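Colleague: I am new to this one. Can you take me through the terms used for it?

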Amino acid sequence: MEALVLTDKKKLELKDIEKPVLKPDEVLIHTAFAGICGTDHALYAGEPGSADAVPPIVLGHENSGVVKEIGSAVTNVKVGDRVSVDPNIYCGQCKFCHTGRPELCENLSAIGVTRDGGFEEYFAAPASVVYPIPDNVDLKSAAIVEPISCAIHGMKLLKPSPYQKALVIGDGFMGELFVQILQAYGIHQVDLAGIVDEKLKMNKDLFNVKNTYNTMNGDKIPAGEYDVVIEAVGMPQTQESAIESAARGGQVLMFGVGGPDAKFEMNTYEVFQKQLTIQGSFINPNAFEDSLALLSSGKLNVKPLLSHELDYDQVDDFVNGRLGVVSKAVVKIGGEEA
């Protein structure tokens, strides 16, 4: 079968490899679509993601497809089911798994990171991380359930209330997801800060954003204004802005992934005086069901956010920045007919 293999740092090769042989608890999936995110950029460059990817490895941790074979012990899906796959596999034995925090698992493995993922015709996954998708959710949208679930995990770490005002900093794909998810969770006003006028306008026109700020054009984010602030960039200046824009009693979710050595400055008196809650968020435990429900309900519409559908031979151009501005890209492998 065809597979796009990371054979070395910054080196992707299209190869013919063997189809996976299933273990009793595994499912063989014909890949339909595989999303590409910032983690894939990092892994391609030899940097860590949720774990280290050691070449040769097939990337692709955001996946949808159709079940083609099941192991002898599998009972939750059947051949022919359309599915989405949570890439993260927890050991179930470490102290974090035993205390309800599996995302911090000391022995975390992940499809498309530590084991072959969706940039291939067929991939294998433990049945425990395979989720049938509702009939009204298409396979392209289903490939985006993993990033949605990461945002849902972040929301579960917060305590949103309808009366609150929220600000999302970052008009990339994850920031745009949070715009819709915050409203789905009942927050009555969501504002968006970013750097691309077209994206800011789209989110205002389509997704009920009230106020937008283009910080590249000199727009100032109001200080001390927002009850909930989602930082979805991961740069020191935006992280500092998140703290400054939070109101008294505010909650700040540091969702954006910064560089391993990056640091930002914070006024500790401001944290004290405002009684701020500053929360990190890592991966996506127990969030797939909620994510699929939001997609199925129509409260979350990802299609306007998907800017590029790629073939295998375009992935290298994408991760090297040769395709220009990309909001969100998916690789079409089997497509809707997988």
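Modeller: What follows is a short talk about helix packing, cores and burial in a predicted model.

Colleague: What makes H4 oblique to H5?

Modeller: The axes of H4 (residues 145-157) and H5 (residues 173-184) cross at roughly 55°. Angles under 35 degrees count as roughly parallel, and 65 to 115 as roughly perpendicular. The value fits neither range, so H4 is oblique to H5. The axes come within 10 Å. The crossing of H4 past H5 is right-handed.

Colleague: Which residues make that contact?

Modeller: From H4 come Pro147, Ile148, Ala151, Ile152 and Met155. H5 brings Phe173, Met174, Leu177, Phe178, Ile181 and Leu182. By class, the contact of H4 with H5 has 11 nonpolar residues, no polar and no charged ones.

Colleague: Why are H5 and H6 called roughly parallel?

Modeller: H5 packs against H6 (residues 197-207) at an angle of about 25°. The cut-off for roughly parallel is under 35 degrees, so the pair qualifies. Their axes are 11 Å apart. H5 passes H6 in a right-handed crossing.

Colleague: What meets what between H5 and H6?

Modeller: Glu176, Val179, Gln180 and Gln183 of H5 meet Lys199, Met202, Asn203 and Phe207 of H6. That contact divides into 3 nonpolar, 3 polar and 2 charged residues.

Colleague: Which residues touch the most other members of the largest nonpolar core?

Modeller: Ile148, Leu177, Ile181, Leu182 and Ile230 do, in a core of 47 residues. H5 gives the most to this core, with 7 residues. Another core, of 25 residues, lies apart from it and includes Val5, Leu6, Leu310 and Ala329.

Colleague: What does Ile181 contact, leaving aside neighbours within four places in sequence?

Modeller: Ile181 is in contact with Ile148, Ala151, Ile152, Met155, Leu294 and Leu300.

Colleague: How do you know whether Ala142 is buried or exposed?

Modeller: Ala142 has a relative accessible area of 0%. Buried means under 20%, so Ala142 is buried. Ala142 is found in H3 (residues 139-142). Beyond its neighbours within four places in sequence, Ala142 is in contact with Asn63, Ser64, Ser84, Ile133 and Val137.

Colleague: Which residues of H7 are buried?

Modeller: In H7 (residues 236-245), Thr238, Gln239, Ala242, Ile243 and Ser245 are buried.

Colleague: What do the buried residues of H7 pack against?

Modeller: They pack against strands E10 (165-169), E13 (226-231), E14 (246-254) and E15 (277-280), and against helix H8 (268-274).

Key. Residues are numbered from 1 along each chain as its sequence is written. This is a predicted model: local features need pLDDT of at least 70, side-chain atom pairs count only at pLDDT 80 or more; totals for chains, interfaces and linings use all residues. Side-chain values use heavy atoms; hydrogens and water are left out. Axes are lines fitted to C-alpha atoms, for helices over the stretch in contact, and angles run from 0 to 180 degrees between N-to-C directions. Helices (H or I, at least four residues) and strands (E, at least two) are DSSP runs, numbered from the N terminus. Angles under 35 degrees count as roughly parallel, over 145 as roughly antiparallel, 65 to 115 as roughly perpendicular and the rest as oblique. A crossing is left-handed if the near helix is turned anticlockwise from the far one by less than a right angle, and right-handed if clockwise. Contact means heavy atoms within 4.5 Å. Ala, Val, Leu, Ile, Met, Phe, Trp, Tyr, Cys and Pro count as nonpolar, Asp, Glu, Lys and Arg as charged, and the others, Gly among them, as polar. A nonpolar core is a set of buried Ala, Val, Leu, Ile, Met, Phe, Trp, Tyr and Cys residues joined through side-chain atoms within 4.5 Å. Buried means under 20% relative accessible area, exposed over 50%, partly exposed in between (1.4 Å probe, protein chains only).
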